[in-house]
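Thanks for making time for this. I would like to talk through one structure with you, strand by strand and then helix by helix, and I will put it on the screen now.

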Amino acid sequence: MTLFLVLGLAGLVLLVLALVFDGVLEGLFDGVGVLDGLFDGLLSSPVIAGFVSMLGFGGAIALGTTDLGVGAAAVVGAGAGLGAAWLTWRLSRALMRDESGTAPRGTDLVGSSGSVVTAIPVDGYGEVLVYLAGQPVKYAARSSVRVERGTEVWVEDALSATSVTVRPVER
């Protein structure tokens, strides 16, 4: 029983280490010939941790709740471990395939509206607050005309990653 509980706890510790030091174990074996790519799928740290943990805890439960011997409890634990390893592998593959789209770019700002935070002098820089992917972002702004604080503006061009050209909204 003690051996099974130690295996279960060791699997949990390995899982925590795999989460905290994400990819360190896999990175240790990069470019080592036969071991190269071995830890990318079925033998990744979370899969191994799930197997060892369920082997231990499944074996302990089988040993404690039934009249099975140690060998039979180990077989039950191994079955539970294989099931946990397979589920962990499938879940990690599904999460790795999840694509949430492309990251927003500065050119996505063109045509969006915002408001002036710091007045913009003629051919000088001020600041505007615009929304990029639903998040408020402050940019340095340039305009060909003077634009007062609080004025609503349209973004005409993205000059750089931190600056835009704007014009006042005419209603």
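Strand β4, residues 152-158, pairs with β5 in the antiparallel sense, and five bridges hold that pairing in this predicted model. Within β5, the residue that Ala158 stands opposite is Val164, and the connection from β4 to β5 is a hairpin that passes through four residues.

On to the other partner of β5, where the direction needs some care. Strand β3, residues 135-142, is joined to β5, residues 163-168, by three bridges, and these two strands run parallel. Here Arg142 stands opposite Thr165 in β5. In general, both senses are possible, since strands of a sheet pair through backbone hydrogen bonds, either parallel or antiparallel.

Strand β3 also pairs with β2, residues 125-132, in the antiparallel sense and over eight bridges, with Tyr139 in β3 as the bridge partner of Val128.

What do these pairings belong to? They sit in a closed barrel of five strands, in the order β1-β2-β3-β5-β4, with mixed pairing. On average, and ignoring direction, neighbouring strands of this sheet are turned by 55° against each other.

Let me finish with a helix. Helix α4, residues 70-97, counts 28 residues and spans 40 Å from its first C-alpha to its last, which is close to the expected 40 Å. Which residues of α4 are buried? They are Ala73, Gly77, Gly81, Ala84, Ala85 and Trp89, and these buried residues pack against α1, residues 2-20, and α3, residues 45-65. As general background, residues three or four places apart in an α-helix point the same way, because there are 3.6 residues a turn.

Conventions
Residues numbered from 1 in each chain as written. Predicted model: local features only at pLDDT ≥ 70, side-chain atom pairs only at ≥ 80, totals over all residues. Heavy atoms only, no water. Expected span 1.5 Å × (residues − 1). Buried < 20%, exposed > 50% of the residue type's maximum accessible area, 1.4 Å probe, protein only. Contact = heavy atoms within 4.5 Å. Pairing = 2+ DSSP bridges. Axes fitted to C-alpha atoms, helices over the stretch in contact; angles between N-to-C directions.
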